[in-house]
Amino acid sequence: MDSNSRTLFLADIASRYYDQNQTQQEIADNVGVTRSAISRLLTEARQKGIVEIIVHHPHRSSNELEKALIEHFNLRTARVLLRQTNSMEDLLSGLGVLASQYFTNLVRDGDVVGVSWGTALSQMVRNIKPLPLPNVEVVQIVGGISTRRPSTVDTLLAPLLADLLGCTCHYLPAPAFTDNEEIRDVLIQQKSIRETLERAEQADIALLGIGSTNPEVNTPYQLGYISEQDLQDTLAADAVGNVCGWHYNIAGEILDINLNKRVIGLDPVSLSKIPQVIGVSGGALKAEGILGALHGGYVNVLITDEHAARRMLEIESAYRRG
């Protein structure tokens with residue numbers, strides 16, 4: 001293939017991916033090459049200037065708050081976004097950029113990457129540029145948030161991330177919450193679910209959204225995936241937040257509540273053994289939920305914002321005195 005033909009070929013691949021929104025697998029099937037080859041071709045197209053990618057520079061962060069969080073909670077590291085505005089959209093976008101840059105610098109070919117759900121986490125995945133890492137495995141570590149709304153973007157994070165990395169994906173064909181404990185016990189024994197969760201236990205990196213029981217920012221409640229009674233039960237049990245659907249109190253203790261008995265996902269003990277557990281969440285209303293996640297040891301890398309960080313340190317100070 002001569003130089004001009006190569007340029008036209010790369011332009012076609014880039015157009016399919018960026019303009020026509022075809023997945024790497026769809027392009028590979030149409031062109032007759034492997035998905036990992038498509039990932040390499042997209043990289044070549046960017047390097048040769050055939051396609052222009054907008055690169056987000058790191059948002060300003062607070063070294064002072066990052067140091068305070070690391071010292072208070074014995075974290076591997078922390079990133080604290082300095083807010084430019086009070087816009088929730090800007091907050092989520094900024095957290096996504098910071099998280100994607102951290103993850104891109106961290107991940108290595110051959111890693112097993114576990115992914116849960118979360119609005120900021122969704123922004124993170126969508127800020128990742130395609131990377132040729134065909135030997136990475138992406139594993140969904142908690143069920144799709146609901147089978148009632150399969151088009152919800154959060155249910156697509158694992159396959160979307162796998163497509164960006166040009167690698168394999170193990171997906172949980174189950175909702176996050178079942179109707180009752182008996183159904184959960186049956187589902188958890190299904191071969192595909194059991195094998196996916198066993199593989200998730202081997203993850204080198206876990207990407208988590210950190211949830212809150214505050215009704216204003218509780219995504220499952222806001223979208224109708226859990227009932228008003230479910231939410232009231234979690235609040236009555238002093239739950240402040242959740243990771244992978246498991247609810248905990250301010251001390252980080254997993255609670256004996258009905259909702260936890262309906263979760264299809266990696267258990268908190270297994271989660272805490274993963275070397276790099278990256279929690280992505282922000283906003284002052286999420287502070288207690290993030291705090292409980294840190295107390296429980298479910299997260300060891302935190303990417304948050306200054307409003308959440310300052311509120312967390314205030315609550316932590318009162319918590320220690322009380």
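# Notebook: salt bridges, a strand, a helix and some cysteines

**Entry 1, R83 and D305.** I started with a salt bridge: R83 pairs with D305, and their closest N and O atoms sit 2.7 Å apart. The two ends come from distant parts of the chain, 222 residues apart. R83 is in the loop between strand 1 (77–81) and helix 5 (88–106), while D305 belongs to strand 9 (residues 301–305). I looked up accessibility as well, and both R83 and D305 are buried. Note to self: this is a predicted model.

**Entry 2, E137 and R199.** Next I pulled up the salt bridge between the side chains of E137 and R199, at 2.6 Å from N to O. This pair also links distant parts of the chain: E137 lies in strand 3 and R199 in helix 9 (residues 191–200), 62 residues apart. Are the two partners buried or partly exposed? E137 is buried, with a relative accessible area of 18%, which I checked against the 20% cut-off. R199 comes out as partly exposed at 30%. I also noted a network here, in which salt bridges with shared partners join R6, E44 and K48.

**Entry 3, R16 and D12.** I then went to helix 1 (residues 3–19), which holds both R16 and D12. Their side chains meet in a salt bridge, 2.9 Å from N to O. They are four residues apart, about one turn of the helix. That fits the textbook geometry: an α-helix has 3.6 residues a turn, so residues three or four places apart point the same way. D12 is partly exposed, with 31% relative accessibility. For the record, my search of the whole structure gave ten salt bridges.

**Entry 4, strand 2.** E137 came up again when I looked at strand 2 (residues 112–115), since V112 stands opposite E137 in strand 3. Strands 2 and 3 (the latter residues 137–140) pair in the parallel sense over four bridges. With helix 6 (residues 119–126), they make a right-handed β-α-β unit. Strand 2 also pairs with strand 5 (residues 205–212), again in the parallel sense, over three bridges. There, V113 stands opposite I205. What covers the faces of strand 2 I didn't list, but both are covered: V112 and G114 are buried on one side, V113 and V115 on the other.

**Entry 5, helix 11.** I picked D230, which sits in helix 11 (residues 228–236). D230 counts as buried, at 10% relative accessibility. Which residues does D230 contact, leaving aside neighbours within four places in sequence? I found N258, L259 and R262. The buried set in helix 11 includes D230, L231 and T234. They share one side of the helix, because they cover an arc of only 95° around the axis. I looked up what they pack against, and got helix 10 (219–222) and strand 7 (246–248). After the helix comes D238, with a positive phi near 70°.

**Entry 6, cysteines.** How many disulfides are there in the whole structure? My search found zero. For C169, the closest cysteine sulfur is that of C167, at 7.5 Å, so the two are too far apart for a bond. C244 is in no disulfide either; its nearest cysteine sulfur, in C169, is 15 Å away. On accessibility, C169 is partly exposed at 30%, whereas C244 is buried at 4%.

Notes: Residues numbered from 1 in each chain as written. Predicted model: local features only at pLDDT ≥ 70, side-chain atom pairs only at ≥ 80, totals over all residues. Heavy atoms only, no water. Buried < 20%, exposed > 50% of the residue type's maximum accessible area, 1.4 Å probe, protein only. Contact = heavy atoms within 4.5 Å. Arc of directions from axis to C-beta. Pairing = 2+ DSSP bridges. Right-handed = clockwise from strand over helix to strand, strands pointing away. Disulfide = S-S within 2.5 Å. Salt bridge = Lys/Arg side-chain N within 4 Å of Asp/Glu carboxyl O.
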